[in-house]
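Biologist: I'd like to learn how to read a structure file like this one. Could you walk me through it, feature by feature?

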Amino acid sequence: MKLTVIGYWGAYPEVNEATSGYLLEHNEKKVLIDCGSGVLSKLQDYIKLEELDAVVISHYHADHFADLYCLQYATIISRHLETRVKPLKIFGLGNDQKFETLEYGSSCIAYPLNSGDTLEIEGLKFTFLDTEHPIPCVAMRIEANGRVLSYSGDSSWSENLIKIARSSNVFLCECSLYSSGNAKVAGHLTGEEVGKIASKAGVNQLILTHLPHFGDRKELIVEAQKHYNGKITLAKGGLAIEI
Ligand SMILES: [Zn+2]
Ligand SMILES: [Zn+2]
């Protein structure tokens, strides 16, 4: 599978960039993981919107799903124009009122996901586990052909992240805070915490994402390296990796 980082900012996108959004391509199928603000525009640098088969949303914070509603409009327009044949599948946490808003006419079909579920989505095996966050959120493990990508969603320290990331080829993990900093935001991880989780999970490679708008972000790598000695990369728009 091929991962392309569409957006990687926490909270809001910087100029011409996007918050959380990751494109996964496998056997001609295209799945978008999270659809935060800015993602809909940046995604079109890589694919046409009508090529998208499915969207999987980690949680209902705006920096992870704000652009989904405009994607629904795009989908209905492309169905009218007959540039899209199949409806778009949208997967999100089922036990939340927002789930009801994922379905849109006959163009977007909503599918519930819950912690503990394993679902096959477009030939990829997804497993979901709860994270520690102010609202319900899931981390996900995605497997195909014996290769594994794991994604933290948003979370503070959680044993579930170690479980979900176990022996991954690539662990895409949120890293919103500096261990050395004063900024305390509930539900997010520091560089050192991410390093510890990656080390305990025995992951092959770590990508830091959901990055903060302050400080020297290279310091996040230095912090994570105190506990993890594999390859560490800062996410950036267009970063593509074959897993
Ligand atoms: Zn977030
Ligand atoms: Zn969040």
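**Reading the model**

Modeller: Let's start with empty space: the largest pocket holds about 190 Å³. This is a predicted model, in which local features need pLDDT of at least 70, side-chain atom pairs count only at pLDDT 80 or more, and totals for chains, interfaces and linings use all residues. Residues are numbered from 1 along each chain as its sequence is written, chains are lettered from A and ligands numbered from 1 in the order in which they are written, and side-chain values use heavy atoms, leaving out hydrogens and water.

Biologist: How many residues line the largest pocket, and which lie nearest its centre?

Modeller: Rolling a probe the size of a water molecule over the atoms shows where empty space is left. On a 1 Å grid over the protein atoms alone, a pocket is an open set of points where a 1.4 Å probe fits, with protein on both sides within 12 Å along at least five of seven lines, and lining residues have an atom within 4 Å of a point. The volume is the space filled by probe spheres set on the points, which are joined across faces, edges and corners. Here 15 residues form the lining, with Gly10, Ala11, Ser176, His188 and His210 nearest the centre. By type, the lining has six nonpolar residues, seven polar and two charged. Ala, Val, Leu, Ile, Met, Phe, Trp, Tyr, Cys and Pro count as nonpolar, Asp, Glu, Lys and Arg as charged, and the others, Gly among them, as polar.

Biologist: How many disulfides does the structure hold?

Modeller: A disulfide is a pair of cysteine sulfur atoms within 2.5 Å. This structure has zero. Take Cys70: its closest cysteine sulfur, in Cys35, is 9.0 Å away, too far for a bond. Cys137 is in no disulfide either, as the nearest cysteine sulfur, that of Cys173, is 11 Å away.

Biologist: Is Cys137 buried or exposed?

Modeller: Buried means under 20% relative accessible area, exposed over 50%, and partly exposed in between (1.4 Å probe, protein chains only). Cys137 is buried, at 1%, whereas Cys70 is partly exposed, at 40%. Across the 243 residues of the protein chain, 54% count as buried.

Biologist: What does Ala240 touch?

Modeller: Contact means heavy atoms within 4.5 Å. Leaving aside residues up to four places away in sequence, Ala240 touches Lys2, Leu3 and Thr4. Ala240 is also partly exposed, with a relative accessible area of 42%.
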